[in-house]
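Me: I have a model open and would like to go through the labels it was given. Could you take me through the reasoning behind them?

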Amino acid sequence: MQTALIITGAILGLFLVLVVIARIKMRKAPMVDDHKDIITLTDKNFSAQLKNKIVLVDFWAAWCGPCRMMAPVLNQLAGELDGNAKIGKLNVEEFGSVSQKYKVRGIPTMILFKDGKEVKRFVGVKSKDFLLAQIKKA
């Protein structure tokens with residue numbers, strides 16, 4: 001019985017160490033410059049930028065590790081999109097009123113808009129292929 005408790009404790013301890021290491025790595029992820037085709041959204045241009053097109057909006061913050069992990073994925077995606085589909089980014093710290101309007105509770109949250117209306121919502125880190133497939137469905 002005592003051996004089982006020791007083994008269980010060791011496994012839990014190792015798991016906690018791995019979680020801490022993963023969090024440290026996410027926070028140290030470098031800031032990546034946005035692709036030239038990514039639209040920087042604000043509270044003033046938000047509605048106008050969504051009209052008559054499909055836009056995947058990334059609600060993010062600079063301190064968010066998973067948001068930093070998504071930046072290269074969104075850059076690659078922006079480079080592959082053509083036609084009426086675009087990628088937009090909105091900093092929730094600077095423009096909290098927009099994130100409140102769309103009830104964004106956690107970040108990264110990506111909302112897919114078509115002609116200014118929400119079509120789908122994704123929370124957390126997603127792959128480029130997943131996002132591309134969702135955009136093509138819209």
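**Strand S2 and its neighbours**

Reply: Happy to! Val 57 has Gly 88 as its bridge partner in S3. Keep in mind that this is a predicted model.

Me: What makes S2 and S3 a pair?

Reply: Two strands count as paired if there are at least two bridges between them. S2 (residues 54-60) and S3 (residues 85-91) share seven bridges, in the parallel sense, so the pairing criterion is met.

Me: How do you know that S2 also pairs with S4?

Reply: The test is again at least two bridges. Six bridges join S2 to S4 (residues 109-114), so these strands pair too, and they run antiparallel. On this side, Val 57 has Ile 111 as its bridge partner in S4.

Me: Which elements make up the β-α-β unit, and what is its handedness?

Reply: S2, helix H3 (residues 65-80) and S3 make the unit, and it is right-handed.

Me: Why is S2 called mostly covered?

Reply: A residue is buried under 20% relative accessible area, and seven of the seven residues in S2 are buried. In a regular strand, side chains alternate between the two faces of the sheet. Here Ile 54, Leu 56, Asp 58 and Trp 60 are buried on one side, and Val 55, Val 57 and Phe 59 are buried on the other.

Me: Why is Lys 101 called exposed?

Reply: Exposed means over 50%. Lys 101 has a relative accessible area of 56%, so the label exposed applies. You will find Lys 101 in helix H4 (residues 96-101).

Note on methods. Residues are numbered from 1 along each chain as its sequence is written. This is a predicted model: local features need pLDDT of at least 70, side-chain atom pairs count only at pLDDT 80 or more; totals for chains, interfaces and linings use all residues. Side-chain values use heavy atoms; hydrogens and water are left out. Helices (H or I, at least four residues) and strands (E, at least two) are DSSP runs, numbered from the N terminus. Buried means under 20% relative accessible area, exposed over 50%, partly exposed in between (1.4 Å probe, protein chains only). A crossover is right-handed if, with the strands pointing away from the viewer, the path from the first strand over the helix to the second runs clockwise.
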